[in-house]
Each structure stands twice: as C-alpha cells, then as structure tokens.
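Work through the exercises below with the sequence and the model at hand. Each task is followed by a solution in steps.

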Amino acid sequence: MKRRLLLLIPLLVFLGLGFFLYRGLEMNPFARDSALLAKHFPPFTLTTLEAPSRRVDESLLKGEVTLVNVWAEWCPTCKEEMPQLLTLAERGVRLVGINYKDRPEDAVDWLRELGNPYARIGSDRDGRAGIEWGISGVPETFILGSSGRVLFRHVGPIVGDDAISEFAAALDEALGGSSGDLS
C-alpha cells in the first residue's frame with residue numbers, strides 16, 4: 001500500500017504542474033498593469049534625438065493629453081504601428097517619442113523614411129529611463145492626462161482591430177470624447 005502511494009505522488013505532482021502550465025497558456029503576456037497607472041510619469045532628463053546638446057524632461061508631458069511612445073529603429077513592430085501614430089498626429093493628438101537603446105543616426109534616418117509623428121523626441125540610449133518606467137520592450141505607449149498622470153499603458157504595437165479599438169477607447173476617454181478614432 002505504501003508503495004502504491006509513493007508511485008501516486010509523482011503522478012499527482014505531474015498533473016498539478018500540467019494544470020498550472022495549461023492555465024498559463026490562456027494568459028496574455030501583454031496584459032500587465034503598469035506600476036505607473038494613476039501616478040505621475042516619473043521624473044527624467046534625456047537628450048533630444050534631434051540635438052543631443054538639448055534636453056527634455058517630464059515637464060514636457062504636462063499641459064495637455066499626451067501620448068508617450070517608446071520605440072526603436074531596430075524594432076519591426078514599431079514600424080508596423082507607425083501609420084496609427086501618424087494618423088493620431090494628423091488629428092492633433094500630441095505625441096512625445098522616446099527612442100530606446102538606439103543609435104541616433106539610425107533613428108533619424110528611420111523617421112525620415114516613415115514620417116515623424118512626434119512633437120519632441122527624447123533619446124534613452126542606455127535604457128535607464130525605460131527601466132524606471134517599467135518598459136518590458138518596445139513599442140510601448142502611455143496615455144497621460146494634462147497633469148502628467150498615467151491614464152493608460154499599451155504594451156506592444158497598436159495594430160490589429162482589438163488593440164486599435166482598446167487604445168482608441170482609452171484615448172477617447174482621456175480626450176473627453178474627441179479625436180481618439182484611429183480608423
């Protein structure tokens with residue numbers, strides 16, 4: 001009897017582990033709450049992409065609803081979401097770009113090729129600011145209220161019907177019901 005119980009223990013452990021792994025398959029790896037939600041965007045000072053002798057800081061993110069898009073030239077999905085960002089900029093939504101772990105000359109060439117939707121661009125060459133913001137990869141986009149408080153965080157590119165719909169709804173709410181349409 002004891003021997004049968006000893007044989008049953010590994011089977012139960014295996015079944016338990018299998019259950020938790022199976023449940024993990026149903027989880028969305030992008031659906032993580034940001035520690036920044038409902039808080040002010042953390043203080044930062046970065047050089048600008050266009051002129052490394054100039055600086056930008058968190059004061060740039062106050063005064064109106066602002067999207068902070070963290071992107072890189074080497075990121076293929078950043079290129080995929082560029083049409084949505086250009087559409088938002090054309091509709092008057094303020095975008096601030098944070099170029100992440102990139103060579104400035106590559107990023108500038110990339111923007112010349114695809115278009116530049118950003119009002120200003122900070123350069124986070126070493127990725128330290130991104131670490132403080134909890135960036136898990138690029139692209140990531142934050143919607144900030146006029147006070148600089150983080151209202152929404154989107155991990156990954158803003159592409160596909162579900163992502164565009166979710167992002168547009170959050171932006172529409174932040175803007176008070178106007179200009180959030182990405183279609």
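Buried means under 20% relative accessible area, exposed means over 50%, and partly exposed lies in between. The model used here is predicted.

**Exercise 1. Describe the fold of the chain and the order of strands in its sheet.**

Step 1. List the elements. The chain contains five helices and seven strands, and along the sequence they follow the pattern α-β-β-β-α-β-α-β-α-β-β-α.

Step 2. Place the strands. Seven strands make up an open sheet of mixed pairing, in the order β2-β1-β5-β4-β3-β6-β7.

Step 3. Find the edges. β2 (55-57) and β7 (150-155) each have a single partner strand, so one side of each has no neighbour in the sheet.

Step 4. Give the twist. On average, neighbouring strands of the sheet are turned by 30° against each other, with direction ignored.

Step 5. Inspect one pair. Strands β4 (residues 94-100) and β5 (residues 120-124) run parallel and are joined by five bridges. Ile98 is opposite Gly122 in β5.

Step 6. Add a helix. Helix α5 (residues 161-174) packs on the sheet and touches β3 (66-71), β6 (140-144) and β7. The direction of α5 makes about 165° with that of β7.

**Exercise 2. State what share of the residues is buried and what share of the contacts is long in sequence separation.**

Step 1. The chain has 183 residues, and 42% of them count as buried.

Step 2. Among contacts with a separation of 6 or more, 70% are between residues 24 or more positions apart.

Step 3. The accessible surface of the chain is about 10600 Å², and carbon and sulfur atoms account for 57% of this area.

**Exercise 3. Locate the salt bridges of Lys79, Arg103 and Arg153, and say how accessible the partners are.**

Step 1. Recall the principle. Side chains of opposite charge can pair when their charged atoms come close. A search of the whole structure gives seven salt bridges.

Step 2. Take Lys79. Its partner is Glu113, with the closest N and O atoms 3.6 Å apart. Lys79 belongs to helix α2 (residues 76-90) and Glu113 to helix α3 (residues 104-114), so the pair ties together parts that are 34 residues apart in sequence. Lys79 is partly exposed at 41% relative accessible area, while Glu113 is exposed at 56%.

Step 3. Take Arg103. The side chain of Arg103 meets that of Asp106 in a salt bridge of 3.4 Å, N to O. Arg103 is partly exposed at 44% relative accessibility. Asp106 has a relative accessible area of 25%, and therefore counts as partly exposed.

Step 4. Take Arg153. A salt bridge of 3.0 Å, N to O, links the side chains of Arg153 and Glu140. Arg153 is in strand β7 and Glu140 in strand β6, so the pair ties together parts that are 13 residues apart in sequence. Both residues, Arg153 and Glu140, are buried.

Step 5. Look for shared partners. Arg103, Glu105 and Asp106 are joined into one network by salt bridges that share partners.

**Exercise 4. Which backbone features are found at Pro139 and at Lys101?**

Step 1. Val138 and Pro139 are joined by a cis peptide bond, with omega about -5°. Pro139 is in the loop between α4 (128-133) and β6.

Step 2. Lys101 has phi near 50°, a positive value in a residue other than glycine. Lys101 is in the loop between β4 and α3, and at 43% relative accessibility Lys101 counts as partly exposed.

Definitions and conventions:
Residues are numbered from 1 along each chain as its sequence is written. This is a predicted model: local features need pLDDT of at least 70, side-chain atom pairs count only at pLDDT 80 or more; totals for chains, interfaces and linings use all residues. Side-chain values use heavy atoms; hydrogens and water are left out. Helices (H or I, at least four residues) and strands (E, at least two) are DSSP runs, numbered from the N terminus. Buried means under 20% relative accessible area, exposed over 50%, partly exposed in between (1.4 Å probe, protein chains only). Contact means heavy atoms within 4.5 Å. Accessible areas come from the Shrake-Rupley method with a 1.4 Å probe; for residues, only the protein chains shown count as cover. Two strands pair if DSSP finds at least two bridges between them. Axes are lines fitted to C-alpha atoms, for helices over the stretch in contact, and angles run from 0 to 180 degrees between N-to-C directions. A salt bridge is a side-chain nitrogen of Lys or Arg within 4 Å of a carboxyl oxygen of Asp or Glu.
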